Structures are given as C-alpha cells and as structure tokens.
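Here's a quick tour of one model, with an eye on charged pairs, a helix and a sheet. Have a look at the structure first, then read on.

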Amino acid sequence: MIQIFSSYANDIITYQDNKVILGGPALWIEQAFNDLVIDHTLHTGSASGIVRIEKDGNNEDRWFIVSTSGIPFSRVGTWDVILVSTLKQEFDLMNLWNCENDIFIDIQWFLRGDTGKKNMFDSRILRSKGHIYIKATREEYSYLLNTPQSHLTFIVTDGGNSIEIITKDGSEMIPIMSGNFTDTIGAGDIFLASFVYYFSQIHNLKKSVFNASDYVFSFLKKKNTL
C-alpha cells in the first residue's frame, strides 16, 4: 500500500491574466497509479487550496499562497512507502520522523515561501527509519542545503535532459527519451508516481528512473496528441 499526501487534486490555481487551472500534483499522481493499477490511498486537505501565480520583474513566476488546509498524518495503518507532494503550509515533513518506511518527496512545494520566493531547504533535517528519496528539478536542487547521507537519495530531473541520481557515494547520469512537447503540465508528478511504482516492484534505482522516464514520454506523447 502506498500512502500519498498531496493536496492538489481539486485545488484552484489562478494566474495574473486571470487564467484558472483546476487540479495539480495529486490529480496526476493518482491518474498514474490508477493507470498502473497499484494499491494506494490519497490523503488531502479538508478544503481546496488556492494559489495565485504572478510574474515578477524578471518575468519569473511568483507563487502566492492564498489559502490552504492542513493534511492530517496518522501512523495508524500499514503501508509500504509514503509519497509526499504538497505545500509545506499543508504538511509538516517533521511528522515523518521515526517512520519505518521508505519516503518519496517532491521537494518543490517545500521551497515555496508565503511571498512566493524560493527558500533554502536543509534536507539534513529529514529523518526516517527507512530511506528518503527526494525528487527535484535542477533548479530546485540548487536551493537545497544538504550533505549527502546514507539515508538520502536525490533524483534530479532537467527537462528532457539526462536525470541525475545523487547518493552519498557520488552521482550518475541516466539518459532518457525526450521530445519537443508543447504541454508538459503534470510530467514531474507522473514521473515521481511511476518511479515509486517501478521502484517498489524491482528495487533498482537506475532501471526505475529509466522506466519512469519512458512512462512520462508515453504520457506526454498521448497528452499532446489529444
């Protein structure tokens, strides 16, 4: 059983030009798990969150948290792994201390400040009796303060470029299939979900990354064709 803590299944994201998008990480994660037919439970907040995105002076996105609701965590129950992809304002990673399970975290939302600025995140504070896998983009990884430790593995994506696996023993680049897709929304969430699926089946980092990247390629090809 995979336990998912993610809020963006029915959330509201508004842009400066008043464009509105409904959905987010949980929507894509659950879609992937349903497609791959894997047993999972989704935990979300009690109400839809609202995020507003505006452009700053450098034409970069600034994320403003308008409203959120907390996601409760309970150690009651049995699971194989935990997947976390949500805002730090909704879920406290410190609740995972002393868990006996492997934990997979999409770090992006834990780098978002209340004013939309990127924050530094010290990954050394993360602790679990299991292993912790942190998925981040190349840019997001640059905002992580960390000393690679035995319980941490970083999976760093870079658009259509090779994916880097970073452990305490060093790093390795994994080549992936890439294409020129116009709509890539959901790709990162689909990658994390499919990586968790494959890794839970074969327990091989390199093969799981490669298989997940292939799954994302197929997802984007179908999404852009439709």
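## Salt bridges, a helix and a sheet

Glu54 sits at 27% relative accessibility, so it counts as partly exposed. Keep in mind as you go that this is a predicted model. Glu54 pairs up with Arg52 in a salt bridge, and their closest N and O atoms are 2.9 Å apart. Arg52 is partly exposed too, at 23% relative accessibility.

How many salt bridges does a search of the whole structure find? The count comes to 7. Here are three of them, with the N to O distance for each:

| Salt bridge | N to O distance |
|---|---|
| Glu54 and Arg52 | 2.9 Å |
| Arg124 and Asp122 | 2.9 Å |
| Glu172 and Lys206 | 3.0 Å |

In the Arg124 and Asp122 pair, Arg124 has a relative accessible area of 38%, which makes it partly exposed. Its partner Asp122 comes in at 24%, also partly exposed.

Now for the third row of the table, where the side chains of Glu172 and Lys206 meet at 3.0 Å. What does this pair tie together? Glu172 belongs to strand E14 (residues 170-174) and Lys206 to helix H4 (residues 205-225), so the salt bridge links parts that are 34 residues apart in sequence. As for exposure, Glu172 is partly exposed at 35% relative accessibility, and Lys206 is partly exposed at 42%.

Next up is helix H3, which covers residues 187-202. With 16 residues at 1.5 Å a residue, H3 should span 22 Å, and its end C-alpha atoms are indeed 22 Å apart, so the two values agree. Is H3 largely enclosed or largely open? Buried means under 20% relative accessible area, and 12 of the 16 residues of H3 are buried, so the helix is largely enclosed by the rest of the structure. Among the buried ones are Ile190, Phe191, Leu192, Phe195, Val196, Tyr197, Tyr198 and Phe199, and the list also includes Asp189 and Ser194. Just after H3, His203 takes a positive phi of about 50°.

Finally, there's an open sheet of 4 strands, running in the order E3-E2-E5-E6 with mixed pairing. Its edges are E3 (20-22) and E6 (61-67), each pairing on one side only. On average, neighbouring strands here are turned by 20° against each other, direction ignored. Zooming in on one edge, E2 (residues 12-15) pairs with E3 in the antiparallel sense over 3 bridges. If you want a spot to click on, Thr14 stands opposite Val20 in E3.

Methods:
Residues are numbered from 1 along each chain as its sequence is written. This is a predicted model: local features need pLDDT of at least 70, side-chain atom pairs count only at pLDDT 80 or more; totals for chains, interfaces and linings use all residues. Side-chain values use heavy atoms; hydrogens and water are left out. A salt bridge is a side-chain nitrogen of Lys or Arg within 4 Å of a carboxyl oxygen of Asp or Glu. Buried means under 20% relative accessible area, exposed over 50%, partly exposed in between (1.4 Å probe, protein chains only). Helices (H or I, at least four residues) and strands (E, at least two) are DSSP runs, numbered from the N terminus. The expected span of a helix is 1.5 Å times one less than its number of residues. Two strands pair if DSSP finds at least two bridges between them. Axes are lines fitted to C-alpha atoms, for helices over the stretch in contact, and angles run from 0 to 180 degrees between N-to-C directions.
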